Amino acid sequence: EGTFYDDLRSYDFVFPGLANGARAIVSYTKKLNDPHLYGQFYFSSFAPTDDAEYSVTFPSDVKIHYKLFNAKDSAVQFTSKTSGKNTTYTWIMHGVKKIKNEDNAPSFSYYIPTIIVLIDQYTKDDKTVRVLGDTNDLYNLYYGLVKNVDTAVSPSVKTLVDSITACAKDNIDKVQRIFYW
């Protein structure tokens, strides 16, 4: 039995015939609705894995790149295959050891082999749409999220903040009082 978390959802898989030494294959397809920062793949898990495989299939007019973390390029086998109007990138890592959970250790994403695939650009209606090809695209993404934020201070918020920070000695004390409020 295993639980997989994806934001606010969890998926439980129950394999009733699974015993020590048995092998299981888990495969799934994910359809991408928002091309920004759609996720990553961890080659390790809490069980040893013979072959951890991750594939991404995309239209050939979409340009992508990937970043590999906590693994040497030689440890991950990469293949690219074009079939019709689609391209499939596949990464395979063999003989992956299980994650050892230790007290006070950083998050496992800090040290296990991980791949992140980013979409550089795609074409829609004969126009090129940039997604995350470089840091300028990342800036444009975040700027688009905050450019219309209303920065006006409401009178009720100002009154509350003033009451919380009334006896503060300095700005650091104000910050602490607001934080602990």
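**Core, loops and overall form of a predicted chain**

Apart from its neighbours within four places in sequence, Val117 is in contact with Tyr38, Gly39, Tyr54, Val56, Ile64, His65, Tyr66 and Trp91, where contact means heavy atoms within 4.5 Å. The model is a predicted one, in which local features need pLDDT of at least 70 and side-chain atom pairs count only at pLDDT 80 or more, while totals for chains, interfaces and linings use all residues. Residues are numbered from 1 along each chain as its sequence is written, and side-chain values use heavy atoms, with hydrogens and water left out.

Val117 also appears in the largest nonpolar core, which holds 22 residues and in which Phe43, Tyr54, Val56, Ile64, Trp91, Ile115 and Val117 touch the most other members. A nonpolar core is here a set of buried Ala, Val, Leu, Ile, Met, Phe, Trp, Tyr and Cys residues joined through side-chain atoms within 4.5 Å; buried means under 20% relative accessible area, exposed over 50%, and partly exposed in between, with a 1.4 Å probe and protein chains only. Two or more residues of this core come from each of strand S4 (49–59), strand S5 (63–69), strand S7 (86–96) and strand S8 (114–124). In soluble globular proteins, nonpolar side chains tend to be buried together.

Trp91, which lies in strand S7, is buried because its relative accessible area is 1%. Once neighbours within four places in sequence are set aside, Trp91 is in contact with Phe43, Ala52, Glu53, Tyr54, Val56, Tyr66, Val76, Gln77, Phe78, Ile115 and Val117. One of these partners, Val76, is 15 residues from Trp91 in sequence, and the C-alpha atoms of the two are 6.2 Å apart in space.

The loops give further detail. Asn70 and Lys72 are both found in the loop between S5 and strand S6 (77–83). Asn70 counts as partly exposed because its relative accessibility is 39%, whereas Lys72 counts as exposed because its value is 65%. Between the C-alpha atoms of Lys72 and Pro113 there are 8.9 Å, although these residues stand 41 residues apart along the chain. In the loop between S7 and S8 lies Asp103, which counts as exposed because its relative accessibility is 75%; its C-alpha atom is separated by 21 Å from that of Thr114, eleven residues away along the chain.

Two loop residues have a backbone angle of note. Most residues other than glycine have a negative phi. Asn70, however, has a positive phi of about 60° although it is not a glycine, and Asp125, also a residue other than glycine, has a positive phi near 55°. Asp125 is placed in the loop between S8 and strand S9 (127–130) and counts as exposed because its relative accessibility is 67%.

In the chain as a whole there are three helices and nine strands, and from the N terminus on the elements run β-β-β-β-β-β-β-β-β-α-α-α. Helices (H or I, at least four residues) and strands (E, at least two) are DSSP runs, numbered from the N terminus. The radius of gyration, taken over C-alpha atoms, is compared with a globule rule of 2.2 Å times the number of residues to the power 0.38; a compact globule of 181 residues would have a value near 16 Å, but the chain has 23 Å. Along its principal axes, the C-alpha trace spans about 65 × 50 × 30 Å. Of the 181 residues, 21% count as buried, and among the contacts with a separation of 6 or more, 61% are accounted for by residues 24 or more positions apart. About 14600 Å² of the chain is exposed, with carbon and sulfur atoms supplying 53% of it, and these accessible areas come from the Shrake-Rupley method with a 1.4 Å probe.
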